[in-house]
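User: I would like to learn how to read the packing and the charged pairs in a model. Please take me through one feature at a time.

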Amino acid sequence: MNLKELSEHLALSQTTVSRALNGYPEVSEKTRERVHQAAKELNYSPNARAKSLATGRSQTIGHVIPVSTQHEMVNPVFGDFVAGAGEAYVQQGFDMMLTLVDDNDEEDAYRKIKARGNVDGIIVHGPRMQDSRIALLTELGLPFVVHGRASDVTTPYNWLDTNNTRAFRRATDFLLDLGHRRIALINGLEVMDFAHRRRGGYEDALKKRGVDPDPALMRSEEMTEIFGYRSASEMLAMESPPTAFLVASMMIAIGVRRAIHEAGLEMGRDVSVITHDDDLSYIKNGHDVPIFTATRSSVRTAGTRVAEMLMQQIKNPDSDPQTELMEAELIIGTSTGPAPT
């Protein structure tokens, strides 16, 4: 069935049916529901090229991924995010385009994408404290949503973020309540906004409980297993080692666990560990009982919500910027226990 036949079946114009299917706001909700129901019952699937010509849109969302030795975005967390975004794209008839670029070529890539007109909008990944991409995309007039925030950017823009400050403050408080005072932080790159906020939450919790943050117990680097292993090994060999670790990702946590085991210690008894982002499709945090105590925030859900926000912005380009802050749950696992006496 084509658009003309569907329109004749509904006794509506092709323009009205097309606008209803593509979410234009001037179509009433009653008409939109009627059109979608008929399309579903009759197995109508719009031709992508015809749809693009009719709407003036490419029906494609762009993801520009900087491939860097400093901040590698192609990782299990990114995979879950894209899976969530992809589910939203499928529901609304959008495709996805991934563009891998060197760090120095990223802004040029956005200019080329705008000139070619091959995407309707962009999802911005891994924002830094000061992120020039936000001003550039605003200047280009290309709809975008940031996954995360850029603290030093004051102009309004669309973003969705996890409350990283509160998550790490709560995790630190939990360890302090267990009697820990030597709490190490193994963080992501702190030029990244999320890592900066996590450190802030950690330090705030310590100071409010009268514990001075110790620079010797803090590390910041790309979030890999080997980084977690080396950092934990070094700190566990200190004269006054930490009794607990707060870490920024499951990959780091796996490395920390390896270091604890090699030191002849038991995680959860001798050394406690709390991780973030444990809700990943391919790296499960145990089965019935979580291995790691964790501040859990679903990356897949974030991907779905960011995609939905962007597609709404594309359909309603004059709407005000949207912002959304997701809260993290504290999941109790076997990796934490009272501070050893």
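Analyst: This is a predicted model. A place to begin is Val256: setting aside neighbours within four places in sequence, Val256 contacts Ile186, Gly228, Tyr229, Ala232, Phe245, Val247 and Val273.

User: How should I read a cluster of nonpolar residues?

Analyst: In soluble globular proteins, nonpolar side chains tend to be buried together. Here the largest nonpolar core has 22 residues, and those touching the most other members are Ile186, Phe245, Val247, Ile252, Val256, Ile260 and Val273. Two or more residues each come from β6 (183–187), α10 (225–236), β8 (244–247) and α11 (250–262).

User: Which element gives the most to this core?

Analyst: Helix α11 does, with 6 residues. There is also a second, separate core of 19 residues, with Val64, Ile113, Val146 and Trp159 among them.

User: And how many salt bridges does a search of the whole structure find?

Analyst: The search finds 21. For each pair, look at the distance, then at the separation in sequence. Arg32 and Glu29 form one, with the closest N and O atoms 3.4 Å apart. These two residues lie 3 apart in helix α3 (residues 29–41), about one helical turn. Arg32 is buried at 16% relative accessible area, whereas Glu29 is partly exposed at 46%.

User: Where do the partners Arg258 and Glu225 lie?

Analyst: Their closest N and O atoms are 2.8 Å apart. Arg258 is in helix α11 and Glu225 in helix α10, so this salt bridge ties together parts 33 residues apart in sequence. Arg258 is partly exposed, with a relative accessible area of 31%. Elsewhere, salt bridges with shared partners join Glu106, Asp131 and Arg133 into one network.

How values were computed
Residues are numbered from 1 along each chain as its sequence is written. This is a predicted model: local features need pLDDT of at least 70, side-chain atom pairs count only at pLDDT 80 or more; totals for chains, interfaces and linings use all residues. Side-chain values use heavy atoms; hydrogens and water are left out. A nonpolar core is a set of buried Ala, Val, Leu, Ile, Met, Phe, Trp, Tyr and Cys residues joined through side-chain atoms within 4.5 Å. Buried means under 20% relative accessible area, exposed over 50%, partly exposed in between (1.4 Å probe, protein chains only). Helices (H or I, at least four residues) and strands (E, at least two) are DSSP runs, numbered from the N terminus. Contact means heavy atoms within 4.5 Å. A salt bridge is a side-chain nitrogen of Lys or Arg within 4 Å of a carboxyl oxygen of Asp or Glu.
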